[in-house]
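This briefing gathers points on a metal site, a buried side chain, a helix and a nonpolar core. Please read it with the sequence and the structure side by side.

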Amino acid sequence: MVVEQISDVEPRLCRVTREARPAGTVIDIRGVAIGGPEVVLIAGPCAVESEAQLLATARAVKAAGATILRGGAFKPRTSPYSFQGLKAEGLRLLALVRAETGLPVVTEVMDARHLEAVSACADILQIGSRNMQNVTLLEEVGKCRMPVLLKRGMSATLAEYLQAAEYIMNGGNEQVILCERGIRTFEPSTRNTLDLNAIPMLRRHTHLPVIVDPSHGTGHSWMVRPLACAAIAAGADGLLVEVHCDPPAALSDGAHSLTPDEFAQLTTEVASVAAAVGRACRADRRTLAARSAAARTPGAQVHT
Ligand code: PEP
Ligand code: MN
């Protein structure tokens with residue numbers, strides 16, 4: 001059925017389709033290739049809360065093999081009474097920690113009026129699930145010349161999702177990364193239902209890289225690791241994972257945030273799954289061992 005829905009739309013899509021670029025698209029984020037042979041791990045807190053919180057989390061996820069830092073400064077919360085993010089101060093902290101750790105940063109832009117400020121502190125602009133069909137915002141990021149991580153709307157079909165990506169590409173921005181983050185179903189025991197079907201379906205119909213967010217996709221920290229492995233087994237190009245040093249104290253999404261130790265365990269397992277499906281992963285044991293040995297050697301440069 002979904003194939004038929006996408007195929008119905010496909011003749012009217014031209015830029016996102018697999019036929020437009022059969023070999024696939026690889027997006028370079030300051031030396032980190034998304035969509036290439038290596039699976040990419042993006043991790044960090046749901047929300048930027050303080051300098052100490054962001055720096056500690058960034059260092060921990062980097063040590064475990066993450067190569068891109070996530071963190072929300074503008075938070076589109078379901079309730080107006082929930083923490084809405086540190087906003088401009090959050091952007092300042094992201095820029096600071098990016099400089100301190102060398103990790104590229106992905107953060108959400110909720111409003112076209114914030115584009116300039118967010119672009120100055122980020123390497124990837126995230127469009128959240130709630131804004132996937134915000135046409136004005138899609139058109140504005142379409143005019144930018146920086147990578148966009150477009151999350152799937154929580155009730156969007158794959159055909160609608162690809163049309164949203166087409167908006168961005170139609171503006172001239174070729175650097176779109178797709179992210180399956182769970183959809184609304186009748187099942188209430190998880191926050192969303194992670195749609196693993198979307199991975200092979202999107203890979204078949206589009207040349208754009210596809211990553212998976214098992215954190216929002218499940219809503220339970222104990223489910224994140226198995227679903228992360230399943231996503232890589234199904235062909236995802238990377239993962240977006242929420243990590244917090246003290247999940248019960250998190251200002252948002254503590255229920256599905258992993259501790260740094262849990263994230264390190266996830267990366268080890270994901271590296272094994274990646275190897276089993278013919279993909280590389282920087283969280284493999286040899287790379288991490290080489291990194292920590294070099295980190296112990298004064299003056300050593302680690303190129304991973
Ligand atoms: C997020 O990644 O911080 C987020 C808000 O996710 P989503 O848009 O998928 O709900
Ligand atoms: Mn979150």
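How are the donor residues of the manganese ion (ligand 2) spaced in sequence? In this predicted model, their spacing reads C-x169-H-x25-E-x10-D. The points below begin with that site, pass to an arginine that touches several of its residues, and end with a helix and the core.

**Manganese site**
- The protein donors of the manganese ion (ligand 2) are Cys46 through SG, His216 through NE2, Glu242 through OE, listed twice, and Asp253 through OD, and they lie 2.0 to 2.7 Å from the ion.
- Cys46 sits in the loop between β3 (38-44) and α2 (51-63), while Glu242 belongs to strand β10 (residues 238-242), so this pair of donors ties together parts that are 196 residues apart in sequence.
- Cys46 counts as buried because its relative accessibility is 3%, and Glu242, with a relative accessible area of 1%, is buried as well.

**Arg70**
- Arg70 has its place in strand β4 (residues 68-70), and its relative accessibility of 3%, which is under the 20% limit, is why Arg70 counts as buried.
- A polar atom of the Arg70 side chain lies 3.1 Å from the backbone oxygen of Pro45, and a polar atom of that side chain also lies 2.9 Å from the backbone oxygen of Cys46, the residue whose SG is a donor to the manganese ion (ligand 2).
- Leaving aside residues up to four places away in sequence, the residues that Arg70 touches include Cys46, His216 and Glu242, which are also among the donor residues of the manganese ion; Ile42, Lys75, Val106, Gln126 and Leu240 are further examples of its contacts.

**Helix α6**
- Helix α6 (residues 158-170) has 13 residues, which at 1.5 Å a residue should span 18 Å, and this agrees with its end C-alpha atoms, which are 18 Å apart.
- The buried residues of α6 are Leu158, Ala159, Tyr161, Leu162, Ala164, Ala165, Glu166, Ile168 and Met169.
- Just after α6, Gly172 adopts a positive phi of about 105°.

**Nonpolar core**
- The largest nonpolar core has 91 residues, and those with the most contacts inside it are Ile68, Leu150, Leu178, Leu239, Phe263, Leu266 and Val270.
- Helix α6 gives the most to this core, contributing 8 residues.
- As general background, nonpolar side chains in soluble globular proteins tend to be buried together.
- Val270 touches Leu41, Ala228, Cys229, Ile232, Leu239 and Cys281, again not counting residues up to four places away in sequence.

Definitions and conventions: Residues are numbered from 1 along each chain as its sequence is written. Chains are lettered from A and ligands numbered from 1 in the order in which they are written. This is a predicted model: local features need pLDDT of at least 70, side-chain atom pairs count only at pLDDT 80 or more; totals for chains, interfaces and linings use all residues. Side-chain values use heavy atoms; hydrogens and water are left out. Helices (H or I, at least four residues) and strands (E, at least two) are DSSP runs, numbered from the N terminus. Buried means under 20% relative accessible area, exposed over 50%, partly exposed in between (1.4 Å probe, protein chains only). A polar contact is a pair of N or O atoms within 3.5 Å; within protein, one must be able to donate a hydrogen and the other to accept it, and residues adjacent in sequence count only if both atoms are side-chain atoms. Contact means heavy atoms within 4.5 Å. The expected span of a helix is 1.5 Å times one less than its number of residues. A nonpolar core is a set of buried Ala, Val, Leu, Ile, Met, Phe, Trp, Tyr and Cys residues joined through side-chain atoms within 4.5 Å. Donors are N, O and S atoms within 2.8 Å of the metal (3.2 Å for Na, K and Ca); water is not among the atoms, so sites may look incomplete.
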